[in-house]
Amino acid sequence: MNEEKPINPAALEALTKDLDALKIAREGNKRERHAPSQGAARAAVDFISALAVCSLIGYGVDYWLGTMPLGLLVGLLGGAGVGAKLMLRDMKRDA
């Protein structure tokens, strides 16, 4: 009642090649996935480090020129801008 169909070696070989090509294509499309918390931690570290570095540069300029609050405030604002730019770059790359 249940008749088996003869196996066509050429069709089987073609199917195997197609499956291998599909596997290679899928592996090529896979990107390294990170947990969302890793991206958020990196963004926070980038923001805080940019804020700290720019603030220290502003404080150094204040100390050197004698204009105490002005350089520190400019450094804080510049650090916030640079940190925001770094965070946006990281979010764009992870998306």
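Asp 90 is buried, with a relative accessible area of just 2%. That puts Asp 90 well inside the 20% limit for burial, so the label holds for this residue. The acid lies in helix 3, and once its neighbours within four places in sequence are set aside, Asp 90 is in contact with Arg 42, Ala 43 and Asp 46. Two of these names come back in the list of buried residues of helix 2, namely Ala 43 and Asp 46. All of this is read from a predicted model.

Stepping back to the overall layout, the protein has 3 helices and 0 strands, and from the N terminus on its elements run α-α-α. Of its 95 residues, 12% count as buried. As for the contacts with a separation of 6 or more, 66% come from residues 24 or more positions apart. The accessible surface comes to about 8300 Å², and carbon and sulfur atoms hold 68% of it.

Helix 2 covers residues 36-65. With its 30 residues, helix 2 reaches 44 Å from first C-alpha to last, close to the 44 Å expected at 1.5 Å a residue. Helix 3 takes in residues 68-94; its 27 residues reach 40 Å from end to end in C-alpha terms, close to the 39 Å expected on that basis. Just after helix 2, Gly 66 takes a positive phi of about 80°.

What do the buried residues of helix 2 pack against? The partner is helix 3, and the buried residues of helix 3 in turn pack against helix 2. On the helix 2 side, the buried set is Ala 43, Asp 46, Ala 50, Ser 55, Gly 58 and Asp 62. On the helix 3 side, Gly 71, Gly 75, Gly 79 and Gly 83 are buried along with Asp 90. A link between distant parts of the chain also shows up at Ala 40 and Met 87: these residues are 47 apart along the chain, yet their C-alpha atoms are separated by 8.8 Å. Ala 40 itself, found in helix 2, has 47% relative accessibility and so counts as partly exposed.

Asp 62 is another acid worth a look. This residue lies in helix 2 and is buried, yet has no salt bridge. The nearest side chain of opposite charge belongs to Lys 85, and that one is 24 Å away. Because a salt bridge calls for a nitrogen within 4 Å of a carboxyl oxygen, Lys 85 is out of the running. Apart from neighbours within four places in sequence, Asp 62 is in contact with Thr 67, Met 68, Pro 69, Leu 70, Gly 71 and Leu 72. One of these, Gly 71, is among the buried residues of helix 3.

Turning to the outside, Tyr 59, Tyr 63, Met 68, Leu 72, Leu 73 and Leu 76 form a nonpolar patch on the surface, with about 620 Å² of accessible area together. Helix 2 and helix 3 are the elements that give two or more residues to this patch, and helix 3 gives the most, with 4 residues. Tyr 63, one of the patch members, is found in helix 2. Its relative accessible area is 66%, so Tyr 63 counts as exposed. Met 68 and Leu 72 also belong to the patch, and both turn up among the contacts of the buried Asp 62.

Methods: Residues are numbered from 1 along each chain as its sequence is written. This is a predicted model: local features need pLDDT of at least 70, side-chain atom pairs count only at pLDDT 80 or more; totals for chains, interfaces and linings use all residues. Side-chain values use heavy atoms; hydrogens and water are left out. Buried means under 20% relative accessible area, exposed over 50%, partly exposed in between (1.4 Å probe, protein chains only). Contact means heavy atoms within 4.5 Å. Accessible areas come from the Shrake-Rupley method with a 1.4 Å probe; for residues, only the protein chains shown count as cover. Patches are made of residues with over 30% relative accessible area and no salt bridge: like charges are joined within 9 Å, nonpolar side chains (Val, Leu, Ile, Met, Phe, Trp, Tyr) within 5 Å. Lys and Arg count as positive and Asp and Glu as negative; His and the chain ends are not counted. The expected span of a helix is 1.5 Å times one less than its number of residues.
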